[in-house]
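Student: I would like a close look at a single part of this model, with the surrounding chains described afterwards. Could you take me through it in one connected account?

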Amino acid sequence: MTTATTTAPAPAPVTSPPGASWAAVSALARFETRKLLTRVPVLVAFTVYVAWTVWRTRVSFDGFPALQDADRATQDGPLLVGLAVLLSVNQAVLRSRRHDTERHLAVLVLPRWGRTVAHLLSVGAAALVTAVCVGGQFAWEALKPGAVGHGSPAELLVGPLSVLLLGGFGVLLALLVTAPFAAPLLIVLLLFLATFLTGFAPDGWTRWLMPSVGEYSVVTLPSDLIGRPAAWHALYLGGFALTLMAAAVLLSGGARLRTARAAAAGAVALTLVGAVGQSRGVPETVTEARVQASVTPEKLHTCVERDATTYCAFPEWEPRTGAWAAAVDDVRALAGGDARNRPLVVRQRVEARYGLEADATLAPLTRPGEVTVGTAWGGNRVPEFAVAVAGVLVTGSEATAGELCDGRTVTVMWLALAGRPDPVADLRRVRIDDSDTGSAIVVSRTEPLQMTSAQTELLRELLELPRDRAAAKVKAGWAELTAPKVTTDRVAQVLGLEKPEGENECR
Amino acid sequence: MSPTVSASGLSLRYGATRALDDVSLRLSPGVTGLLGPNGAGKTTLLRVLATAVPADRGAFTVLGHDPGTARGRQEVRRRLGYLPQTPGFHPDFTAFEFVDYVAILKELTDRAARHREVRRVLDEVGLGDVRGKRIRKLSGGMRQRVALAAALAGDPAFLVLDEPTVGLDPEQRMRFRELIATAGEGRTVLLSTHQTEDVAMLCHRVVVLAGGTVRFDGTPAELTARAAGRVWSSEGRDPGALAGWRTGLGTFRNVGDPPPGADLLEPTLEDGYLLTLDGAAAEVTA
Amino acid sequence: MPVTGIRAAGDTPVREARRGALLTLVRPVARTVPWRALVAGGALGLLAAAVPRLSGGEVTPWAGVNALRAAALCCALGAAFLLDDPARQTTAAVPVRRVLRHALRCALVLPPAAAWWTAAVLLVPEEARPPAGDVTVEAATALALALAGAAFAVRRLGADRPGQGVAASLLVTGVLAPLLTPADWALFTVPGDPRWADGHGHWRLLLCAALLAAAVCCTEPARRRTLRTLRSPSRT
């Protein structure tokens, strides 16, 4: 061990180049980010969020997402992450007080507001990770082969901005209340008030003050008819988050910085602009467009002709024509008479006049040879559409198919289901009570269809036959099977099956 | 004198770390110093002997009781004073209230006698004048003395002190030495420290702990004697020395194996301690 | 040393000394209880319980039961700080057992907590009030979980102030439990739900488990029970 001699050259004074303190802040921010992202609550929240999202996205929208719905579906999960970030960043800011290092840290080069900025940047990093998760979820939906429509970037921003907002709140809270129990207690109260208030005030501009605003219906609209003030809301959320963050910087000794005060003022302005913008309701142009889309969709449709069928759909749904055509071809393949190549028009319709607030059934089309198809697809929608196609092929029009109350029901249902991979399962899926015996209502996009016990019994008998044999019988008796007012017993006779014993009254 | 504490084969692991590895020792009345580098296991050994944490293996008795049973541990704790390395306080209590609180926890239930005892220990540590002050208002050295008073309350027969002189100024440290020396009269005191001069001045026995094992157990004179003939003076730093530094006189003081004909110096306890730590040759002399 | 005779325990029965110590401990321990956390938890809990009544409109049973659940969680979060004791190291090796010290803290807090809970239940309008016994079991479970967590942190980690960590874990549990517990446990049902009774059977089981865990964690092991020592007991 040698002692330093006085003649040794003194180390060159470390002069900080201008902006060095920002380098320090960013280095500290990286440190805080690593700490924040490895805190147990944050890890748990991310794990649960990602697992839940993956588990749900595997089967979401029955594999046929409309991206204008899929973007909204990314908003709720990040709230969990946001709460964890609120809690953890709050504890991180309180750390120096709790372990009594504040006295030491207070005399270091980096000012207190610099440490606050580092904490805020760590929240930003958590928001970025959330954004990656949200992007991944949305990309997965968009890459599904059945995806249609357009997502809104503003809706996608809501998740990450919620994390930013809650995290900013956590930092600000730690500066206002230094007790370690404040954050957990406030989270409980926030959660409770959030669930309680959404339960109470479903409408009005107040609901847009919440970070994530859900909708009450599952109807899928064309993206230009959604009418949600998504961009305003993202602006509001971003402005609010920035306001809280700027307030935190000001509170921790940054009040002398002109930039901090300017940022605070700007953030408040953004928040107000966003809040006012999002409270103005649905714009008139959207309301008019909704009426037009609901009443005269033909004017908006683009039509594609395939074989004898014309598919007219809103432009965003054009890629789905193939899926519809497959279902139509399955039904036509089983039909007899001229039904195999009679011209048919598949027309996409939607009831958009109530926006996303309510589902409404559509009135059946009265023009012959026209079938309604909805905006959703996949799952139960496929056999439902097949029933509608079969109904039009057998009775001529949707309106008459809706009033059907005779033996033709059996033919309609058989045509719709026999081509499906598991007809009996699909039968349960289209019936409102999920039954496969007895009488029931058959769900449809337009008027529901009724099945009596006898018809159900006969249909099950017919479905049990080998498909080719059944098809041959149906084609052979096609004229009689599709004649108006044919009785169920007569249908059984034509098909050479036992007369059904069940009750046979339409209600 | 018969030993008040005798331990054999004490072992304790924290995960993969061996904090204590087969430690055996016997303590008798008087002050025993426990020396060792940071991380040697000193605090762990003290916590085990103070019954604050049970050992994984090994057995020990304190004043004839086995702390490995719930009943035995109670008996030990009734006769124990423990000053932890980082004592904590209720900052809103006054010094008197805090020591009184600890005294109640030591089952001193007779109010008048207890208050007398609390006043006595506070006087003993020199805090008689500030006993009505809240702990948050006391300086670091005073807080340390409050903790010592709490350890002394109830006249324990076995006193475990974990680095009590850390952070004290020389005068306070002198005062503490006095206190500990007084406490060592008739009691068994185990004192963990980094200060070799504390040990040289206070202790009749010294134990050196490193890597969780006992490297030396004997009198301070014996530890000093280990360095006899292994400290020498030279004009420059001797390359063969384990440690060497330039003294104020301008010559170098070297510790290690001296070259033939070296100018030998009088060893200190610290020299013996340094050589003990370095030696793979360390052997237990007890 | 002139101190013979101050220790009442000297020759008198140990139990008497312990009882004496407990009684004299009440006042100082009451001062060490972190009342601020408890009062904050209680106050916010009362606020949550009062929200349905304050909102003016008709109160649904759903709102009533969830207000009480939020209140109970607030109270439990406050109680997570109950065992915070900055002087834990200094009092690590005293003869008054840890279980008694913990029990004393709980006993001090229990009467005000009971009064508080009664007030919270009464704050919910009668038509929306869930069955008091059942919802009390839920609240007691949350409280017991908080105390068990704090006692575990003290026993296992030797933490001085386990409150913050325990409150965070409790909160994470409280938020995730309604999302992740299997639906057939029916823990978070609304009064009138046919599964309410079944669900509260499960709550009772949980309460017993939490109380048992808390009791076990309050003890101080005299020996370490590791797998290794079980296999080969001490070599002596």
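Tutor: Helices here are DSSP runs of type H or I with at least four residues, numbered from the N terminus. The model is a predicted one, and the part to look at closely is A:His233, whose place is in helix H9 of chain A, a helix that covers residues 230-254. Is this histidine buried or exposed? A residue is called buried if 20 or more other C-beta atoms lie within 10 Å of its own, and A:His233 counts as buried because it has 25 C-beta neighbours inside 10 Å. When its neighbours within four places in sequence are left aside, A:His233 is in contact with A:Ala154, A:Val158, A:Trp208 and A:Val213, and also with A:Gly274 and A:Gln278. Another histidine of the chain, A:His99, stands 134 residues from A:His233 along the sequence, and the C-alpha atoms of the two are separated by 40 Å.

From that residue we can turn to chain B, where the domain assignment gives domain 1, residues 5-217, and domain 2, residues 224-278. The centres of these two domains of chain B, taken over C-alpha atoms, are separated by 34 Å, and the contact between them takes nine residues from domain 1 and five residues from domain 2. On the side of domain 1 of chain B that touches domain 2, two or more residues come from each of helix H7 (196-202), strand S8 (205-210) and strand S9 (213-218), with H7(B) giving the most, three residues. By residue type, that side of domain 1 of chain B divides into seven nonpolar, one polar and one charged.

Chain B also meets chain C, in a contact that takes 43 residues from chain B and 37 residues from chain C. On the side of chain B that touches chain C, the elements that each supply at least two residues include strand S1 (5-14), helix H2 (70-78) and helix H5 (140-152) of chain B, and the residues of this side divide into 19 nonpolar, twelve polar and twelve charged.

Chain C itself has a secondary structure of eight helices and zero strands. Of its 236 residues, 44% count as buried, and among the contacts in chain C with a separation of 6 or more, 77% are accounted for by residues 24 or more positions apart.

Methods. Residues numbered from 1 in each chain as written. Chains lettered and ligands numbered in written order. Predicted model: local features only at pLDDT ≥ 70, side-chain atom pairs only at ≥ 80, totals over all residues. Contact = placed C-beta atoms within 7 Å. Nonpolar A, V, L, I, M, F, W, Y, C, P; charged D, E, K, R; others polar. Buried ≥ 20, exposed ≤ 12 C-beta atoms within 10 Å, placed from the backbone. Domains from an automatic or database assignment.
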